[in-house]
Amino acid sequence: MPSLSEVYRAHPVHVQHKHPDLNSLQELPESYTWTQMEDQANNHPSNCGLNEGVPVIDLNDPNAPKLIGHACISWGVYQVVNHGIPFTLLDEIQCLGETLFSLPSHHKHRAARSPDGVDGYGLARISSFFPKLMWSEGFTIVGSPLERFRQLWPQDYNKYCDTVMQYDETMKKLAEKLMWLMLESLGITKEDLKWAGAKGQFKNTCAALQLNSYPTCPDPDRAMGLAAHTDSTLLTILYQNNISGLQVHRKGTGWVTVPPVPGGLVINVGDLLHILSNGLYPSVLHRVLVNRVQQRLSVAYLCGPPPNVSICPHEKLVGPNQPRLYKSVTWNEYLGTKAKHFNKALSTVLVSSAISEFLEAKETQ
Ligand SMILES: O=C(O)CCC(=O)C(=O)O
Ligand SMILES: [Fe+2]
């Protein structure tokens, strides 16, 4: 079975590798200036959280499974609190991110992502799909961060490796718990999903860790931290520091800010869970805006299935009144499709009879 790095390597996206130190810029360069033209997602109305917000769900609430199911159907995203991840671990990973991104630019470039690689320091992978650059920098970890961290911190890489390993392990357990809460809301039980393993532990799931930094920006209204996209995952668990910037798009509502909740984690439905749910759970379109005053940091745990397992709408969700919307696809294949078609990737997996309905629904968004 290919590893996640091999899968990514097989589908390279071409990202500009040398970029300026954003912290040193006093003005927004032309190459970072976004207009309505580049940001097609901006054509949607904006409703920055004035009415209804993204649901915040307490995992200790006996009603949590119901609330999660409802949030997945109506938003494709929710926040969780009382999730059992120690605050100290969240502080540690945030501290790691702060330390990493505050290194001098030339130092970070020692651990730069290679042109056909996935791990290391660099611009967002989605940059290649846009004519303008995004006001952010990222660091991707797939598997062990040891080699990369040695390049960054020749003396004390060990303590940072320990933090990442611990974060990974803890997130894996939370991802398993959340996957089942989300699946059981659809009526899918452990017996129904063979690839999840006999105990439903999702033992062979694959994950990557994405650290993101959004430095303060001299002209935030014309810049874009991270352009609108959906995640190619089953689900994503996102930790954000206490600075706003993340927005999600909801059909009929528009863009809504996801305010940081102390100790909270944002859970996104990804494209593969959308397929598995036969379209019942939307994979949430999201983006990040920047600000003039404070650096924003986030850590995304991107969780997918084993790369060669076929993911398709679950048979329990397909019937005479619920036509099957998507073909089967492996994560490996889907990442290839995404590297080529980006935000149109999902529509390439639609079964042909569903295409016209899909397009009609898009038009009414
Ligand atoms: O920084 C954020 O809040 C979002 C990051 C994100 O969407 C991603 O890494 O895929
Ligand atoms: Fe994302």
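## A mixed sheet, two helices and a ligand

Let's start with one pair of residues: Gly120 sits opposite Thr140 of strand 4. Bear in mind that this is a predicted model. The wider setting for that pair is the match between strand 3 and strand 4 (residues 137-141), which run antiparallel to each other over 3 bridges.

Zooming out, those strands belong to an open sheet of 8 strands with mixed pairing, and the order across it is 1-2-10-7-12-5-4-3. At the edges you'll find strand 1 (56-58) and strand 3 (120-122), each with pairing on one side only. On average, and ignoring direction, neighbouring strands in this sheet are turned by 25° against each other.

Two helices lie across the sheet strands, as listed here.

| Helix | Residues | Strands it lies across | Angle |
|---|---|---|---|
| Helix 3 | 87-101 | strand 4, strand 5, strand 7, strand 12 | about 115° to strand 12 |
| Helix 6 | 157-184 | strand 4, strand 5, strand 7, strand 10, strand 12 | about 130° to strand 7 |

Now for the ligand. Which strands each supply at least two residues of the shell around ligand 1? They are strand 5, strand 7, strand 11 (285-288) and strand 12. The residues surrounding ligand 1 are Gln210, Asn212, Leu226, Asp231, Leu238, Gln240, Leu246, His286, Val288, Ser298 and Ala300. Sorted by class, that shell around ligand 1 comes out as 5 nonpolar, 5 polar and 1 charged residues.

Notes:
Residues numbered from 1 in each chain as written. Chains lettered and ligands numbered in written order. Predicted model: local features only at pLDDT ≥ 70, side-chain atom pairs only at ≥ 80, totals over all residues. Pairing = 2+ DSSP bridges. Helix = DSSP H or I, 4+ residues; strand = E, 2+ residues; numbered from the N terminus. Axes fitted to C-alpha atoms, helices over the stretch in contact; angles between N-to-C directions. Contact = placed C-beta atoms within 7 Å. Near = placed C-beta within 6 Å. Nonpolar A, V, L, I, M, F, W, Y, C, P; charged D, E, K, R; others polar.
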